[in-house]
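Subject: Structure for you to look at

Dear colleague,

I am handing over the structure that I have been reading, and I would be glad if you kept it open beside this message. My notes on it follow below.

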Amino acid sequence: MGDITKDPIFIDAERRFADLENETKKLHDESTKYFQAINGMLDHQIEFAKATEELYKPISGRASDPNSYVDEVGNAEGIRACEEYQVIVQELKASLAPELELIQTRIVQPAEELMGIVKNVRKMITKRDHKQLDYDATKNKMQKLQAKPDKTAKDEKAIWETENKLEETTYEYNAFNDLLKEELLRLFQLEKEFILPLFQSFYYMQLNVFYTLHDKMQNIDIGYFDLTLDIEDAFERKRGDIQQQAESISIVKFKTTGQRKPLKFQQRLGITNGPPGRSNSTSSAGSSVPPNRRITHDSYDTSSSSAAPPPYEANGDLGRSASTGSNWTSAAKGKAAPPPPKPKPGRLSANPAVETVTALYDYEAQAEGDLSFSAGDTIEVVSRTENANEWWNGRVGGRSGQFPGNYVQLNS
């Protein structure tokens, strides 16, 4: 808590040295990154060509069944272009090896040597700070002993010992402090002489790298590429209408939206947890999505999960939809069973009553013939199966089409 010695000249020199320390590390790191980036770029181009070559090759049949192979030609021209490109990049990498080696020897290694010098100077600064602490502590102790009004023989001895220690700590502190103030100024002058040729060398090395890359790539003679066209025009010409053809395949239309997978797929993977935002009362089979369909459920009335089970029919069986399965049974166990209602007249007449369902989720048609509806809509069932994981036919609002059976609940 005593006085702290401050030397403005050293404080300014130490601040400048801290900047030099940070910039030296940055110089070393960035030159290393550049060296690695050029090599990495060439390596990645070779691997990119290899991956493209594999995609150009025919993909059909199974290795375990030779008879299943299909005789496909594949993109022979593209495969040949990939092979030629790999050879060109390999030659380019060999041509750039001497230039990259110069970057390593003339930029990266000198920066490492400068970092070593900077670390040694930092150690000296740390020692100087320790000597300053010893000097300040001894000086403050001497001041306290001298300020005592009635000194005893023990105090006089302590003053004599402290004087000797103060003389020693003062000498050591001044030695380190004066040395650093003098040497740091010389280091700052040498810094300019070191950085100037380093920067110029790095500039010319990059020019050589860029010129080599440009000349090699500009003189590529691969018939697969038309260098007379603009980049975008060449891309559009090669692509053609392949995007539309790919999008016409039904399998690419399937997109996951956080819904449950189809029931068979769930059983194969052992998935039992229900989807987020839906009650467990319908999580067993009620949210499975039929294959090759994208189904969204932006809104869902959670009140349906807590509603009472469908009433019993006249024969005493629980009238449940296939989309809910046995989960309605677990919901019914916690409540008293209602009395069975009387049979509906429509079911006893010659013309059976129209069967309807209530939508639990929003569904947007993803293919021709699909029926779109919103959660809560009442849909007239035209035809259906006993399996809720299949597609049913229905009609709503004058529109008719197919819809997923597991996105609706049968009305009693």
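**How the first helices pack**

Helix α1, which covers residues 8-56, packs with helix α3, residues 153-218, at an angle of about 20°, and the axes of the two are 10 Å apart. Because angles under 35 degrees count as roughly parallel, this angle makes α1 roughly parallel to α3. Where α1 passes α3, the crossing is left-handed, and the residues of this contact divide into 22 nonpolar, three polar and four charged. Please keep in mind while you read that the model is a predicted one, and that each value given here was computed from it.

Helix α2, residues 76-147, is the next partner to consider, and its axis comes within 8 Å of that of α1, with the two crossing at roughly 165°. An angle over 145 degrees counts as roughly antiparallel, and α1 and α2 are therefore roughly antiparallel to each other. Their crossing is left-handed, and the contact of α1 with α2 has, by class, 27 nonpolar, 11 polar and 13 charged residues.

Which way do α2 and α3 run with respect to each other, roughly parallel or roughly antiparallel? These two helices pack at an angle of about 165°, with axes 7 Å apart, and they are therefore roughly antiparallel to each other. The crossing of α2 and α3 is left-handed, and the residues of their contact, sorted by class, are 33 nonpolar, 11 polar and 13 charged.

**Two residues in these helices**

It may help to look at single residues within the helices, and M41, which lies in helix α1, is one that you could find in the viewer. M41 counts as partly exposed, because its relative accessibility is 33%, and that value falls between the 20% under which a residue is buried and the 50% over which a residue is exposed. Although M41 and K93 are 52 residues apart along the chain, their C-alpha atoms are separated by 9.8 Å.

K216 lies in helix α3, and with a relative accessibility of 28% K216 also counts as partly exposed. Along the chain K216 is 127 residues from V89, yet the C-alpha atoms of the two are separated by 8.9 Å. Which residues does K216 contact, once its neighbours within four places in sequence are left aside? They are I88, E91 and L92.

**A residue in a strand**

V396 is found in strand β3, which spans residues 391-396. Is V396 buried or exposed? Its relative accessibility is 11%, so V396 counts as buried, the cut-off for buried being under 20%. If residues up to four places away in sequence are not counted, V396 touches L371, S372, T378 and I379. V396 and F373 are 23 residues apart in sequence, while in space they are 7.8 Å apart from C-alpha to C-alpha.

**The chain as a whole**

With these details in place, you can turn to the protein chain in full, whose secondary structure comes to eight helices and five strands. How are these elements ordered from the N terminus on? The order is α-α-α-α-α-α-α-α-β-β-β-β-β, so written from the N terminus.

The protein chain has 412 residues, of which 30% count as buried, and it exposes about 26,700 Å², with carbon and sulfur atoms supplying 54% of that area. Finally, if you take the contacts in the protein chain between residues at least 6 apart in sequence, 69% of these join residues at least 24 apart.

With best wishes,
A colleague

Key. Residues are numbered from 1 along each chain as its sequence is written. This is a predicted model: local features need pLDDT of at least 70, side-chain atom pairs count only at pLDDT 80 or more; totals for chains, interfaces and linings use all residues. Side-chain values use heavy atoms; hydrogens and water are left out. Helices (H or I, at least four residues) and strands (E, at least two) are DSSP runs, numbered from the N terminus. Buried means under 20% relative accessible area, exposed over 50%, partly exposed in between (1.4 Å probe, protein chains only). Contact means heavy atoms within 4.5 Å. Accessible areas come from the Shrake-Rupley method with a 1.4 Å probe; for residues, only the protein chains shown count as cover. Axes are lines fitted to C-alpha atoms, for helices over the stretch in contact, and angles run from 0 to 180 degrees between N-to-C directions. Angles under 35 degrees count as roughly parallel, over 145 as roughly antiparallel, 65 to 115 as roughly perpendicular and the rest as oblique. A crossing is left-handed if the near helix is turned anticlockwise from the far one by less than a right angle, and right-handed if clockwise. Ala, Val, Leu, Ile, Met, Phe, Trp, Tyr, Cys and Pro count as nonpolar, Asp, Glu, Lys and Arg as charged, and the others, Gly among them, as polar.
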